[in-house]
Amino acid sequence: MTRFLPWAALVAGLGILGTGSPYLLTLAATSALAIMVAIALNVSMGLGGSVNLGVGVFYGCGAYGAALLNTKQGYSLGASLVVAVAIAVVVSLIVGPLLLRTRSLYFAISTLALNGIFVDIVASNDDLGGELGIPGITRPGPLPFFGEDGDPGSLRTMYLLICVALVAVLAVFAAIRGHRVGRTLEAIREDELLCQSLGYTTLGYRVFAFTVTAGLAAVAGVFYAFVIQYVNPGPFSFLTSSFQAFVIVAVGGAARTWGPILAGIVLVAGPSFLEFSATTNQYVYGGVLLAIVIFLPGGLAAGVDRLARGGAATTSSLRRTLARLKHTRESEGELS
Amino acid sequence: MQELLNGVAQGTVYALIAAGLVLIFGVVRVPHFAHGESVMVSGMMTCWAVTSLHLPVLLGAAVGVAASVGYGLFLCFAVYWPMRNHPEWNLLASSLGAVVITQTAAIAIWTSTPRVTPGGVSGSFEIGDAIIPWSWAVLAAISAAVIGATALLVSRTTAGVSMKAMAADAETAQLMGIPVRKNWAIAFAVGSALAGVAGSVYSTVFPVSTTLGLDVTFSALVVIILAGIGSVAHVLWGGVLLGVVEAVAGTVFPGGYQDSMVFLFMLVVLVARPNGLFGLERARD
Amino acid sequence: MRVRSIAWVAGAALAVTGLAACGEDSGSSDGSELVIGEVAELTGAAEAVGGPQHNAIKLAVDEINAAGGIRIGDKKVRIKLRTEDTKSDPTVGVTAVQKLLTKDGVHYLVGSLSGAVASAYLPVIKDRKDIIDIVVGAANPGLNENISVYRPRADAFQSVDAEVTLALETAGELGTDNIAVLSDKKLQSNAVAVPKIVDAIKAAGKTVVGPVDFEMGATQFSSQIAALKRAGNKVALFQGYGTDLMTFVKQARAQGYDGTVVAASGATADQVKQADVSADALKNVFDIGTAFPADLVALKLNAEAAQKFADAYEKEFGAPPGYTSASAYGGVHILAAALEKAGTTTDYAKVREALDDLTVADVPELAEKVVPQEGDRIFKDHQAYFSLVLRAWDGAAWTTVKAIG
């Protein structure tokens, strides 16, 4: 029963925010999008252990796909969501197996390169808007219960839809994490060779994680296009999106379901309430980031855990199991 | 012809920066994303020493390199060393945090106007129909010489060999009694010194600005990928290759897709050889 | 398990309540104070120009307040400036504008430098009849076509004719048929201005080299320079910022390109000095743009106001005004003059009418030379037009060669 409490708290929190001003709605919506991208990344980075620095590509696929479909073909939000996410998944299925031949640093840098190529393509191609971007994306009309003029500009409607998407994306993550697939991914992260020797096609699992990341990030991208109503290359560059998603996952606690939510509140939404100068805000951001990764190695989620348990350190049963397994396999001479 | 020579000159600088990064990577095991900031700090300090303190260029360069080494050692002991047992993405995130703070401080001090250190070598010479400024030749020569010296240092000295051992297998190296803390200090000092030399010399030829750090780090990472992690000497070829690819891409696709072409080339290399062109060892997980 | 969950819920509830509480305190105004919101690029890619733009806005507001405020009817209303940094990021920009509108209860906006940020927040304000946005930086054409947006700043098209004319003249004198166009592909305004330039050159029967793209902040222009040299080019148009012009010119001269360069960059003396470019290299480099205060003083156009602004700016911030500073300073004074003329701060239709009818003589503080439109008005279709000047480097400063238009 208690495991549903955080979910109830999340829904309640989003609900309270939903009664807020257009500013709060916009801030909460854009922060939720950043958090969704981070949750998406958490599948391949947290569970799978591949540091993907190019999640902005798929965020961008979703946003550009939706922007083009809506402005050129008149697709609705729902139709754009299906098609744009499908595009991102197809792209990830093509590049995933190629990039995933590489490991650790090599993989991180290849995904970073992929992000560079994506931004270059959309920025240089006039059919994709070029530097000018694509304006004029039309939001869906207000949800029925708002009535005729209860929600001017559909901002509250967009906010609610984004909340639904956020909860759904988080649920997908939690489901994968709790499923056998998620546990296998975590085992691969800890010791890929061992998993191979146990008969797992590890590449398949890693491609799966990569694709789920792509698909979920594209969901966030589609909502980005409809809430901002304008897309241009900048927000999908490494510096703006991939960097941020990576930092949110690291600060929140990799592989932790609630990590990105906590880190998103602290790093994305929080700074808007600081009335410092622009420069001081940057120092605070950098300082908070450094302090958390130095003093809370497991991220904010682990910190909250420790608080709740009165200071007891968390232990990983996964690591112990793997070590035991490895020992057995080595003594059997299967691993060399 | 002109483009090729341009590429070679630019490539040797990339290689020099990448060589420093390889040394640091050997001990920390994660890309030190703030490495480009060392280059920036050195370039800015050199320029400041020459224009404000009116020091001769060589002394200015010494100031720049010293600042860069100081910066590298500070990060080593204030940030990375306390985190040595943390998961690798924590270190990666901390290096990005360091980038944010360093860049903000640098802009507050020096603004973001690009600057060139006055007093560099002037004039040019011709090879065929290509015109090469002497300053470029000096830049390439210094870079290649420093890389060579570092490669010798790593292969001939005890400290160098023990650092290589650490890079190969940190745990075993520690068990064999290799002074880990000292090696970290040496790696950051020498690695940042290379970045410092690159930054100060570069600032006499090309404009440096307070925002160039991450771009420089990316180029250095591409070089390392092309060359394969591990060897300081191979990095020189990786750097020259990157410089040439960049120059050729710039000619074939004017403007537009230049960066993409470099990235694409790197991706093709990686897909064909997942451990880099000269990579001998398997990339560690 | 239970303790843990309760901690989660407590934490989340606390965070949300905190957020909601912080976000809701709407700016109160008791009539003696008018809150004006500034959309500023203080960090991120546009920081270099955004900083001086913000300074000039602050300077104008301080001046108005020092004089007691804006005279509305028979009382004076002081301005309270709320500045929001967009980090040059469209997403942050949208949130910043919403914050100004909702939390601070702002109806008047000034600032905006990044074209991308302006395009992103446009859907929020464009149909609002109770909002007036004075854009003093972003140059992408079309912004002024929205009811709420006024732009007392040259758009990207205004210097195109002058640049092309000069390039064609020079090409005629040198007897060459090709003109190169170098373009900073990261500038939104170039996406519309460059095609226009290319068409104009082609229409004059000359061939175009390029457009050859580069990216702002590039350290290497070798491939661009090589492209010009391969084409045997003698005249090049440069569409980009002053810092990049300096890098390009320095390297081009070192690599044996000696053609004439016509730019619209707003290059400053400081940029020349920092980039260590020699006077020799800057021979045959011309910069076209809206007149800086120094140009106006030299041309004796609007000299007094221009000098006053430049002195005050330098005294306050210890540096000469930046690329968009004079427009920013003028923009605030234009808004203040319109409010005084309208005699209200709350009847927005009346304020818009006042802006439409505002004449050049109504705003004596203007530190630029506005080309009066029909009836001596400042704006035509919400857009102001400016006298352009041609500048060249004399070894110590950019000096005015002549006024254009």
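**Exercise 1. Locate Ala67(C) in chain C and classify its exposure.**

Step 1. Ala67(C) sits in the loop that links α2 (47–66) to β2 (70–72) of chain C. Keep in mind that this is a predicted model.

Step 2. The relative accessibility of Ala67(C) is 51%. Exposed means over 50%. Ala67(C) therefore counts as exposed.

Step 3. Now relate Ala67(C) to Gly51(C). The two are 16 residues apart in sequence. Their C-alpha atoms are 25 Å apart in space.

**Exercise 2. Decide how far helix α7 of chain C is enclosed by the rest of the structure.**

Step 1. Helix α7 of chain C spans residues 222–230. Buried means under 20% relative accessible area.

Step 2. List the residues that pass. They are Ser222(C), Ser223(C), Gln224(C), Ile225(C), Ala226(C), Ala227(C) and Leu228(C).

Step 3. Seven of the nine residues are buried, so the helix is largely enclosed by the rest of the structure.

Step 4. Look past the helix. Gly232(C) follows α7(C) and has a positive phi, near 60°.

**Exercise 3. Describe the span of chain C that carries a UniProt domain annotation.**

Step 1. An unreviewed UniProt entry annotates residues 35–386 of chain C as "domain: Leucine-binding protein".

Step 2. Residues 35–386 of chain C are 43% helix and 18% strand. The end C-alpha atoms of this span lie 29 Å apart.

**Exercise 4. Examine two of the annotated transmembrane regions of chain B.**

Step 1. The unreviewed UniProt entry marks transmembrane regions in chain B, including residues 91–111 and 211–229.

Step 2. Take residues 91–111 of chain B. The content is 95% helix and 0% strand, with end C-alpha atoms 28 Å apart.

Step 3. Take residues 211–229 of chain B. Here the chain is 79% helix and 0% strand, and the end C-alpha atoms are 27 Å apart.

**Exercise 5. Characterise the interface of chain B and chain A.**

Step 1. Count contacts. In chain B, 47 residues touch 45 residues of chain A.

Step 2. Turn to area. Interface size is often expressed as the accessible area lost when the parts come together. Chain B and chain A bury about 3,800 Å² between them. Carbon and sulfur atoms account for 78% of that area.

Step 3. Check for salt bridges. The rule finds zero across the interface of chain B and chain A.

**Exercise 6. Find the nonpolar surface patch that contains Val248(B).**

Step 1. Val248(B) belongs to helix α10 (residues 232–252) of chain B.

Step 2. Val248(B) counts as partly exposed because its relative accessibility is 36%.

Step 3. Its partners in the patch are Leu4(B), Val252(B) and Phe253(B). Together with Val248(B), they have about 320 Å² of accessible area.

Conventions
Residues are numbered from 1 along each chain as its sequence is written. Chains are lettered from A and ligands numbered from 1 in the order in which they are written. This is a predicted model: local features need pLDDT of at least 70, side-chain atom pairs count only at pLDDT 80 or more; totals for chains, interfaces and linings use all residues. Side-chain values use heavy atoms; hydrogens and water are left out. Patches are made of residues with over 30% relative accessible area and no salt bridge: like charges are joined within 9 Å, nonpolar side chains (Val, Leu, Ile, Met, Phe, Trp, Tyr) within 5 Å. Accessible areas come from the Shrake-Rupley method with a 1.4 Å probe; for residues, only the protein chains shown count as cover. A salt bridge is a side-chain nitrogen of Lys or Arg within 4 Å of a carboxyl oxygen of Asp or Glu. Helices (H or I, at least four residues) and strands (E, at least two) are DSSP runs, numbered from the N terminus. Buried means under 20% relative accessible area, exposed over 50%, partly exposed in between (1.4 Å probe, protein chains only). UniProt positions are given in the numbering used here, feature names are shortened, and annotations may be inferred rather than shown by experiment. Contact means heavy atoms within 4.5 Å. Buried area is the accessible area (1.4 Å probe) that two parts lose on being put together, summed over both.
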